[in-house]
Amino acid sequence: MIEARHLRVLRAVAATGSFSAAGRELGCTQPAVSQQMKALEASVGTPLLIRTGREMRLTQAGEALVRHAAGIIAGLTAAEEEVAAIAGLRAGRVRLVSFPSGSSTLVPTALAALRAAHPGTRVSLEEAEPPRSVEMLREGECDVALAFRYEDAAAEEWDDLVVRPLLVDRLVGLVPTGHRLARAESVAIGELAEEPWIAGCPRCRGQLVEVCRGAGFVPRIDFATDDYPAVVGLVGAGLGVAVLPELAIESVRPKGARTVTVEPPVRREIVALTLPDLAQVPAVMATLDHLGRAAAR
């Protein structure tokens, strides 16, 4: 293994012609230079210098190594500077994956604050619902995944990940403004058993069916869409009722629809996930911190 410090010493010896002159240039002693040259020759397995009295002359192998040393040292210096910039958050890149309602609420606030604090850090955003977003994290396709899990659902296998809890998001009912329950303070989900339903993403759809089954009925789902504004629009047009996360309602003006509290309460936990090694990367740490601050507002 060739060490960069040995290459720097070799270049100094080649430039000055002696160990003592190289030592003065490098700020070390002549024996230290000699010791490092012996270590370098042992590493490459061939002599690099021919000692003629007080002067040193490069062997053919020494000349070849000095010729390559300039580029190697320059590359290492550039790498050190780039790593230092990333470590100091003057540069860096974070690939973030989020589910849609998180993308429209938590993510903009977090990324705006991150850019203001660390303008050299760049964040890319892609949308995916869990569990796909969690798979992307494990497969190396992203650095941070914004995800959620329902309280009563089977426990997620996240033991191999760093989990940053952000907030608990309650599901609320959404009914047309002219609906018989539009002005109720709270609604038992069983009171909506005979209504046509508009369902959201596949995972939310599955949760809706489970909750309704617990209340003794199977919902008649007339429409299903992953687009929350479309859900709100369909409810507002009087085509059915829905339950949506509060986080989703925040980013949509429910024209023609009203929100009602649904009993029993259904909640989901919003979290930011990353891998243990990535959690030590300054840009990833900063992204997690700003997501946490955005959720606390």
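Let me begin with the largest cavity, which holds about 90 Å³ of space, and I should say at once that what we are looking at is a predicted model. The search over the whole structure returned 2 cavities of 30 Å³ or more, and I will take them in turn before moving to a pair of helices.

Around the largest cavity there are 13 lining residues, and those lying nearest its centre are Gly200, Cys204, Arg205, Leu208 and Val243. Two or more residues of this lining come from each of β8 (196-199), α7 (202-214) and β10 (242-245), with α7 giving the most, namely 4 residues. By character, the lining divides into 10 nonpolar residues, 2 polar and 1 charged.

The second largest cavity has a volume of about 80 Å³, and here again α7 provides the largest share of the lining, with 3 residues, while β6 (162-176) also supplies at least two. Among the residues that line this second cavity are Leu171, Val172, Ile189, Gln207 and Pro264, and the lining as a whole comprises 9 nonpolar residues, 1 polar and no charged. Leu208 and Val243 are found in this lining too, having already appeared among the residues nearest the centre of the largest cavity.

Turning now to the helices, the axes of α1 (residues 4-16) and α3 (residues 30-44) come within 9 Å and cross at roughly 115°, in a left-handed crossing. On the α1 side the contact is made by Arg5, His6, Val9, Leu10 and Val13, and on the α3 side by Val33, Gln36, Met37, Ala39 and Leu40; these contact residues divide into 7 nonpolar, 2 polar and 1 charged.

Note on methods
Residues numbered from 1 in each chain as written. Predicted model: local features only at pLDDT ≥ 70, side-chain atom pairs only at ≥ 80, totals over all residues. Heavy atoms only, no water. Axes fitted to C-alpha atoms, helices over the stretch in contact; angles between N-to-C directions. Left-handed = near helix turned anticlockwise from the far one by under 90°. Contact = heavy atoms within 4.5 Å. Nonpolar A, V, L, I, M, F, W, Y, C, P; charged D, E, K, R; others polar. 1 Å grid on protein atoms, 1.4 Å probe; cavity = no way out; pocket = protein on both sides within 12 Å on 5 of 7 lines; lining within 4 Å. Points joined across faces, edges and corners; volume = space filled by probe spheres on them.
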